[in-house]
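Student: I would like a close look at one part of this molecule, taken slowly and with the terms explained as they come up. Please start from a single side chain and work outward.

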Amino acid sequence: MRFHAKTLYFKCVLLYLIMEDSVGAEKMFEKYCEDDPNLNNSYEKKFLTNILKVIEEGDLEKFGDECFKLNSRMTMDKNLTLMLTEIKSKLKKADAMEED
């Protein structure tokens, strides 16, 4: 588990975002950074930091930009792609509700 913790922690934070719990995501993200020092200097941390900010702002364009950057840094598996698609879908719904 030690060698895969960074990936698991990364996906766990995304699961919180899928559940639309950005507060829980931030809280667990901080805990995971403390638990796994490998996460602290990683592009996953940079991505999550940026995504949490983008979600708070509700900026779909920046969300897409951040996902593109992540894709250029790592190979995204099917599950990761589905998770990010689900988060984007929820952002779109929230954006549409605000416009109504």
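Student: At what relative accessibility does Glu86 stand, and as what does it count: buried, partly exposed or exposed?

Tutor: Glu86 counts as partly exposed, at 34% relative accessibility, where buried means under 20% relative accessible area, exposed means over 50%, and partly exposed covers what lies in between, with a 1.4 Å probe and protein chains only. Before going further, please keep in mind that this is a predicted model, in which local features need pLDDT of at least 70 and side-chain atom pairs count only at pLDDT 80 or more, whereas totals for chains, interfaces and linings use all residues. Residues are numbered from 1 along each chain as its sequence is written, and side-chain values use heavy atoms, with hydrogens and water left out.

Glu86 meets the side chain of Lys90 in a salt bridge of 3.8 Å, N to O, the term being used for a side-chain nitrogen of Lys or Arg within 4 Å of a carboxyl oxygen of Asp or Glu. Side chains of opposite charge can pair when their charged atoms come close. In sequence, Glu86 and Lys90 are four residues apart in helix α6, so about one helical turn separates them; helices here are DSSP runs of H or I with at least four residues, strands are runs of E with at least two, and both are numbered from the N terminus. Lys90 is also partly exposed, with a relative accessible area of 23%.

Lys90 has another partner, for Glu20 forms a salt bridge with Lys90 in which the closest N and O atoms are 3.6 Å apart. This pair links distant parts of the chain, with Glu20 in the loop between α1 (5–18) and α2 and Lys90 in helix α6 (residues 78–99), 70 residues apart. Through shared partners, the salt bridges join Glu20, Glu86 and Lys90 into one network. Glu20 is exposed, with a relative accessible area of 57%, and its backbone deserves a glance as well, since Glu20 has a positive phi of about 60 degrees although it is not a glycine.

A search of the whole structure finds seven salt bridges. One of them that you can compare with the network joins the side chains of Glu57 and Lys62 at 3.5 Å, N to O. Glu57 counts as partly exposed at 42% relative accessibility, and Lys62 is partly exposed too, with a relative accessible area of 38%.

Other glutamates belong to a patch instead. Glu26, Glu30, Glu34 and Glu56 form a negative surface patch. Patches are made of residues with over 30% relative accessible area and no salt bridge, with like charges joined within 9 Å and nonpolar side chains (Val, Leu, Ile, Met, Phe, Trp, Tyr) within 5 Å. Accessible areas come from the Shrake-Rupley method with a 1.4 Å probe, and for residues only the protein chains shown count as cover. Lys and Arg count as positive and Asp and Glu as negative, while His and the chain ends are not counted, and the place of a charge is taken as NZ of Lys, CZ of Arg, CG of Asp or CD of Glu. Helix α2 (residues 22–35) supplies the largest share of the patch, three residues, whereas Glu56 has its place in helix α4 (residues 43–57) and is exposed, with a relative accessible area of 67%. Helix α2 also holds Lys27, which is exposed at a relative accessible area of 61%.

Elsewhere, Leu39 lies in helix α3 (residues 37–40) and is buried, with a relative accessible area of 1%, while Tyr43 lies in helix α4 and is partly exposed at 26%. Tyr43 and Lys69 are 26 residues apart in sequence and 9.6 Å apart in space, C-alpha to C-alpha.

Finally, a word on the cysteines. If a disulfide is a pair of cysteine sulfur atoms within 2.5 Å, the count comes to zero disulfides. The sulfur of Cys12 is 13 Å from the closest cysteine sulfur, that of Cys33, which is too far for a bond. Cys67 is in no disulfide either, the nearest cysteine sulfur, in Cys12, being 18 Å away. Cys12 is partly exposed, with a relative accessible area of 28%, whereas Cys67 is buried at 13%.
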